[in-house]
Amino acid sequence: MPEQESVTAPVSGSEPFSPGLLTHLPRPVHKVALVRASRLGDFICAGPAFRALRMALPDAEICMVTLPILADLADRSPYFDRTILFPGYPGLAEQFFDARRALAFFQAMQAERFDLAIQMQGSGVNSNPFTLMLGAKATVGFIRPEDTPGRLDAALPLPDTGHEIHRVRALTDFLGAPAQGDETCFPLWPEDRKAAETLLANVQAPLIGLHPTARDATRRWPPDRFAAAVAHLQESHGGTVVLLGEAEEQETARMVAAGILGSCLDLTGRTSLPVLGAVIDRLAVLITNDTGPAHIAYALGTPTVTIFGGGDPARYGPLIPGPFRVLAEPCQCRGLNRGDCPHGAPCLDAITVNAVLSASEGVIRLGTLPDVTA
């Protein structure tokens with residue numbers, strides 16, 4: 001593989017910390033590699049930045065480098081022309097790293113001869129070396145505030161504050177791509193809606209969605225409280241509880257289902273990511289921890305109650321007005337991205353069943369199911 005110095009060359013007439021790289025490039029941009037190999041919620045929050053880049057480079061081929069689990073979502077996006085599966089890289093824990101596979105990956109990427117590679121992954125400590133190895137003529141990315149740009153042709157310190165949508169979009173603003181609004185999107189194909197319709201056939205409306213799991217313990221409201229909240233909703237409105245989650249989350253789903261006396265449909269582990277979105281689109285309300293499905297619901301406009309523990313609603317709550325309610329109590333470790341809490345997560349314990357029930361009653365949409373042909 002060529003040495004890094006021979007893969008990239010500085011862009012003439014541009015300082016790394018100067019804005020407007022898109023206007024400084026010596027030739028038109030025909031092919032772009034865009035790196036965002038992050039979790040579902042982070043990927044959705046980057047949508048406004050993706051849209052700004054697409055509008056700024058309407059004729060370029062934009063290739064999204066992302067996690068295999070997000071490939072279906074990237075394929076459906078109107079902002080990308082092609083999806084490239086992230087092969088893993090040291091220090092980027094989202095995907096298992098296989099050195100032999102990575103070597104073949106970088107050889108293939110350098111053969112693509114990208115005009116521009118953009119790192120939207122984060123601070124750049126590990127993701128900038130990965131992005132530079134793609135071999136683009138110009139490379140841009142976030143860095144930590146105290147770091148130098150290194151071999152990047154353009155570098156922007158990753159903002160410490162603000163909503164995740166604005167933090168990521170700061171990079172496209174810096175590049176010279178005009179903002180195109182804060183709305184996120186979750187595209188659905190007709191086959192996604194048809195699959196959801198099949199899964200939900202013959203169930204009684206309204207559909208009360210529950211996503212009672214989360215990767216981190218600091219984001220998990222107790223399962224028995226989820227069951228108690230929907231029990232009250234079913235007493236008032238009838239309908240069916242729809243449990244959502246990944247296959248490895250089935251034990252939590254069973255715990256919740258055991259406390260539900262009314263109609264319940266467990267779809268945990270039974271949907272692809274796009275079909276999950278199509279199911280969420282048909283819900284009367286979604287009650288969820290602060291996880292990826294909440295961001296799907298924000299994008300689709302589904303009435304949503306989001307329970308925050310250690311996560312920061314100022315960074316990951318809904319940014320666009322809608323039928324959304326956020327429940328969050330004071331938290332000593334909010335925003336520290338801890339997987340556990342040394343204080344016993346009192347912020348989660350302080351969120352009561354009545355609070356969730358009241359918020360749900362405030363946003364629930366009653367009546368017929370949404371038209372799946374829309």
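These legends accompany three close-up views of a predicted model.

**View 1. Helix α13 sits largely enclosed by the rest of the structure.** Let's start with α13, which spans residues 292-300. Seven of its nine residues are buried, so the helix is largely enclosed by its surroundings in the structure. If you would like to find them, the buried residues are Gly292, Pro293, Ala294, His295, Ile296, Ala297 and Tyr298. Just after α13 comes Gly301, with a positive phi of about 75 degrees.

**View 2. Helices α10 and α16 pack at an angle of about 45 degrees.** Here α10 (residues 223-237) meets α16 (residues 353-363), and their axes lie 9 Å apart. At this angle of about 45 degrees, the two helices are therefore oblique to each other. Their crossing is right-handed. On the α10 side, the contact is made by Arg225, Ala228, Ala229, His232, Leu233, Ser236 and His237; α16 contributes Val353, Val356, Leu357, Ser360 and Glu361. Sorted by character, the residues of this contact comprise six nonpolar, four polar and two charged.

**View 3. Arg76 is a buried residue of helix α5.** Helix α5 covers residues 71-76, and Arg76 belongs to it. Is this arginine buried or exposed? With a relative accessible area of 12%, Arg76 falls under the 20% cut-off and therefore counts as buried. Its side chain makes a polar contact with the side chain of Asp192, at 2.9 Å. Leaving aside residues up to four places away in sequence, Arg76 touches Pro187, Trp189, Asp192 and Pro274. Asp192 is thus worth picking out in this view: it is one of the residues that Arg76 touches, and its side chain is the partner in the polar contact.

Definitions and conventions. Residues numbered from 1 in each chain as written. Predicted model: local features only at pLDDT ≥ 70, side-chain atom pairs only at ≥ 80, totals over all residues. Heavy atoms only, no water. Buried < 20%, exposed > 50% of the residue type's maximum accessible area, 1.4 Å probe, protein only. Helix = DSSP H or I, 4+ residues; strand = E, 2+ residues; numbered from the N terminus. Axes fitted to C-alpha atoms, helices over the stretch in contact; angles between N-to-C directions. Parallel < 35°, antiparallel > 145°, perpendicular 65-115°, else oblique. Left-handed = near helix turned anticlockwise from the far one by under 90°. Contact = heavy atoms within 4.5 Å. Nonpolar A, V, L, I, M, F, W, Y, C, P; charged D, E, K, R; others polar. Polar contact = N/O pair within 3.5 Å; in protein donor to acceptor, adjacent residues only side chain to side chain.
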